[in-house]
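Biologist: I have a model open here and would enjoy a close look at one part of it with you. Could you take me through its sheet, strand by strand, together with whatever packs on it?

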Amino acid sequence: MKKLFVSLIALLFVLLITITSAARENIYTINDVTIVFSETSSLSDEQKALISHLIINGTDNSSTTYNLMCTLFGHNTATENISVIEHCVNDTPPRCRKTVQDVTMCTRCEELIDTHIITSYYINCCE
Ligand SMILES: [Zn+2]
Ligand SMILES: [Zn+2]
């Protein structure tokens, strides 16, 4: 019984660490752009990193992975609500622009299908 209790505590500890590290993975910064994913995002860290890369650097056709499943049955899409913060786009404050948008990607071939901007405004972020 005591052994069970100890392993339960250990499990709880592992879960806690996983949750804390998962929360950190919701923010990606590449160059002068920060992408913030929702806390409840169902995407994996790899998919978030990929979306961040696609949004910031654009789609690179040469690296598009060919997926037979998508060709036959269509894309397996997932839509995610994200915030994109472009830093220091203005010379005077508020200097940074925040854009809230829905992005739709295929979780199988990892192609960025669609982006839909909901709102865009300037924020006080960088000095
Ligand atoms: Zn696909
Ligand atoms: Zn900023």
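Modeller: Happy to; what follows is a walk across the sheet, then the helix on it, the core and a few backbone details.

Please keep in mind that this is a predicted model. The sheet is open and has five strands in the order β1-β2-β3-β4-β5, paired in the antiparallel sense. Since β1 and β5 stand at the edges, each has a single partner strand, so one side of each is left without a neighbour in the sheet. On average, neighbouring strands are turned by 25° against each other, direction ignored.

Let us start at the β1 edge. β1 runs antiparallel to β2, and four bridges join the two. One pair to look for is I30 with its bridge partner V33 in β2. The two strands form a hairpin with two residues between them. N31 is found in that loop between β1 and β2, and its phi is near 55°, a positive value in a residue other than glycine. Most residues other than glycine have a negative phi, so a value like this is worth a look. N31 counts as exposed because 9 other C-beta atoms lie within 10 Å of its own, while the cut-off for exposed is 12 or fewer.

Further across, β3 and β4 pair antiparallel over ten bridges. Here S83 has V100 in β4 as its bridge partner. The loop between β3 and β4 holds C88 and P94, each with a backbone feature of its own. C88 has a positive phi, near 55°, although this residue is not a glycine. With 12 other C-beta atoms within 10 Å, C88 is exposed. At P94 the feature is the peptide bond: the one from P93 to P94 is cis, with omega near -5°.

Next comes the β5 edge. β4 and β5 run antiparallel and are joined by ten bridges, and in this pairing M105 stands opposite L112 in β5. The hairpin of β4 and β5 has five residues between the strands, and E110 takes a positive phi near 60° there. β5 itself is hardly covered: of its twelve residues, the count of buried ones is zero. A residue to look at in this strand is I117, which has its place in β5 (residues 112-123). I117 counts as exposed because it has 10 C-beta neighbours inside 10 Å. Leaving out residues up to four places away in sequence, I117 touches T99 and Q101. From I117 to T99 the separation is 18 residues in sequence and 7.0 Å in space, C-alpha to C-alpha.

Now for the helix on the sheet. α2 packs on the sheet and touches β1, β2, β3, β4 and β5, and its direction makes about 40° with that of β1. The helix covers residues 45-57; at 1.5 Å a residue, its 13 residues should span 18 Å, and the end C-alpha atoms are 18 Å apart, which agrees. Which residues of α2 are buried? They are I51, S52 and I55. These three cover an arc of only 100° around the axis, which puts them on the same side of α2. On the other side, E46 and N57 are exposed. The buried residues of α2 pack against β1 (27-30), β2 (33-37), β3 (77-86) and β4 (96-106). Just after the helix, G58 takes a positive phi of about 80°.

That brings us to what lies between helix and strands in the list of core residues. The largest nonpolar core has nine residues: Y28, I35, F37, I51, I55, I82, V84, V103 and M105. At least two residues of this core come from each of β2, α2, β3 and β4. Two of its members, I51 and I55, were already named among the buried residues of α2, and M105 is the residue that stands opposite L112 in β5.

V84 makes a good place to finish. Apart from neighbours within four places in sequence, V84 is in contact with V33, I35, I55, T99 and Q101. Several of these names should be familiar by now: V33 is the bridge partner of I30, I55 is buried in α2, and T99 and Q101 are also touched by I117.

Note on methods:
Residues numbered from 1 in each chain as written. Chains lettered and ligands numbered in written order. Predicted model: local features only at pLDDT ≥ 70, side-chain atom pairs only at ≥ 80, totals over all residues. Expected span 1.5 Å × (residues − 1). Buried ≥ 20, exposed ≤ 12 C-beta atoms within 10 Å, placed from the backbone. Arc of directions from axis to C-beta. Contact = placed C-beta atoms within 7 Å. Core = buried A, V, L, I, M, F, W, Y, C linked by C-beta atoms within 7 Å. Pairing = 2+ DSSP bridges. Axes fitted to C-alpha atoms, helices over the stretch in contact; angles between N-to-C directions.
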